[in-house]
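Visitor: Please take one part of this structure and examine it closely. I should like a connected account of how that part is paired and covered, with the cut-offs stated.

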Protein chains: 2
Amino acid sequence: MSSDKEEKIFLENYDPYDYTPMAVTVDLVVFGITRTISDNYRKPDSQELNILLIKRDMMPYKDCYSLPGGFVRPDETFIETARRILREKTGLDNIYLEQLYTFDAVNRDPRMRVVSCAYISLIDADKAKIDNACWAGIAEAEKCNLAFDHNNILDQALMRLKNKITYSDIVFNMMPEKFTISALQEVYEIILGVKLIPAAFRRTIAEKIEQTGEYEKNSGHRPSMLYTKKHI
Amino acid sequence: MSSDKEEKIFLENYDPYDYTPMAVTVDLVVFGITRTISDNYRKPDSQELNILLIKRDMMPYKDCYSLPGGFVRPDETFIETARRILREKTGLDNIYLEQLYTFDAVNRDPRMRVVSCAYISLIDADKAKIDNACWAGIAEAEKCNLAFDHNNILDQALMRLKNKITYSDIVFNMMPEKFTISALQEVYEIILGVKLIPAAFRRTIAEKIEQTGEYEKNSGHRPSMLYTKKHI
């Protein structure tokens, strides 16, 4: 074991500027379900899966759309960077965040070597106060030439989301407090890209939700029961 | 859209040295099954789950054990760094590698801010020519004070391995070309830390393996059939 003194001298003489600098960013794939309330009870409310995009006001890729993101500050962990960006763009705190993958292609940023740790965030879009950002439908975002390698990050995030909603509870991060089973089923269908059989869906989801005793409003003469996530 | 010329001028004037430098490393959790061949056919061969450790010959943490790892070079992707380190330590190429997680605690390295992207690697330990490294049993490694946050990385890697061998084919990366079903079952048992019922294990694994027509040698008067991974 080298002595504490030797290590101290070594560290005092270590100069981070001796090496080719790298930078680290966090990029966020913020998924949210937006809802359009129908004013006609015969026409159901519609839901859409969106991601948050920003229009860049700085070079490089000025005026292009990109995922929200930013440089990790020297005293920040990744999750702190992610929370700071989310607060700036959505006004929300205490949001579901999960590390997706770190993107490392050598020339992914024209400024310098930048590796980006991508996080997935799931929010109830109706609660967000969007600032300097906009919601874009998934299909629309996929067709858009996003800045950097953000189309690639979006693809990987979608795969993770599709995979994970089948075996976890993360979907409830995108739902309002109270919801009908058919609204919840529709969110699964939108994310998975398939139609589900209502009876089978009810059986699968039964253990994760519970009745609130309330019914939805303004929905004609056969309103549906409202459910909420079961708190175990 | 800013003009190409504007972006060019911007990039020419961008100085990476204007910012607090960060460094990026790759650390490897290399799992391997080591086998001790019994010279007595009544005593079965024994298998053990190990990880590759190195004894650091440089500061910081000189003379401590750590996971193999190294700084990502300016022109390297993470997987290239990982392959370079694996080649140096094991002589092996074309090895299973998967990104685990990026570790980002602010003071995890005393030299400077270093974020480390950890990879899991699974190898057939008997094929490796270990150089400047050693195999350590999992329990032994967990008890050891590894350098940096490497105990934490090891914990996360073990969770991923336990989780993933139940729904994927990755276990075969740690097996020799031909193996008995009981040797394969034992590897699952070692990783999962539970005993499995042979009949149930055979049913579960049946679709992933196929008979070779060969039998194990030196194993008494009732040798077992050798199997191999089914190539689909």
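Strand 1 of chain B and its setting

Guide: In chain B, strand 1 runs parallel to strand 6, and 10 bridges join the two. Strands here are DSSP runs of E with at least two residues, helices are runs of H or I with at least four, and both are numbered from the N terminus; two strands pair if DSSP finds at least two bridges between them. This is a predicted model, in which local features need pLDDT of at least 70 and side-chain atom pairs count only at pLDDT 80 or more, while totals for chains, interfaces and linings use all residues. Residues are numbered from 1 along each chain as its sequence is written, chains are lettered from A and ligands numbered from 1 in the order in which they are written, and side-chain values use heavy atoms, with hydrogens and water left out.

Within the parallel pairing, Thr25(B) has Ser116(B) of strand 6 as its bridge partner. Strand 1 also takes part in antiparallel pairings. With strand 4 of chain B (residues 69–71) there are 3 bridges, and Val26(B) is matched there with Gly70(B). With strand 2 of chain B (residues 46–55) there are 6 bridges, again antiparallel; Arg35(B) has Gln47(B) as its partner in that strand.

Strand 1 of chain B spans residues 23–36, and it is largely enclosed by the rest of the structure because 12 of its 14 residues are buried. Buried means under 20% relative accessible area, exposed over 50%, and partly exposed in between (1.4 Å probe, protein chains only).

Strand 6 (114–123) leads to a further residue, since Asp109(B) lies in the loop between strand 5 (96–103) and strand 6 of chain B. Asp109(B) counts as buried because its relative accessibility is 7%. Beyond its neighbours within four places in sequence, Asp109(B) is in contact (heavy atoms within 4.5 Å) with Val114(B) and Phe148(B). Thr166(B) lies 57 residues from Asp109(B) along the chain, and their C-alpha atoms are separated by 34 Å.

Another pairing in chain B involves strand 8 (residues 209–215) and strand 9, which are antiparallel over 4 bridges. Here Glu210(B) stands opposite Thr228(B) of strand 9. Strand 9 (residues 225–229) is mostly covered, with 4 of its 5 residues buried.
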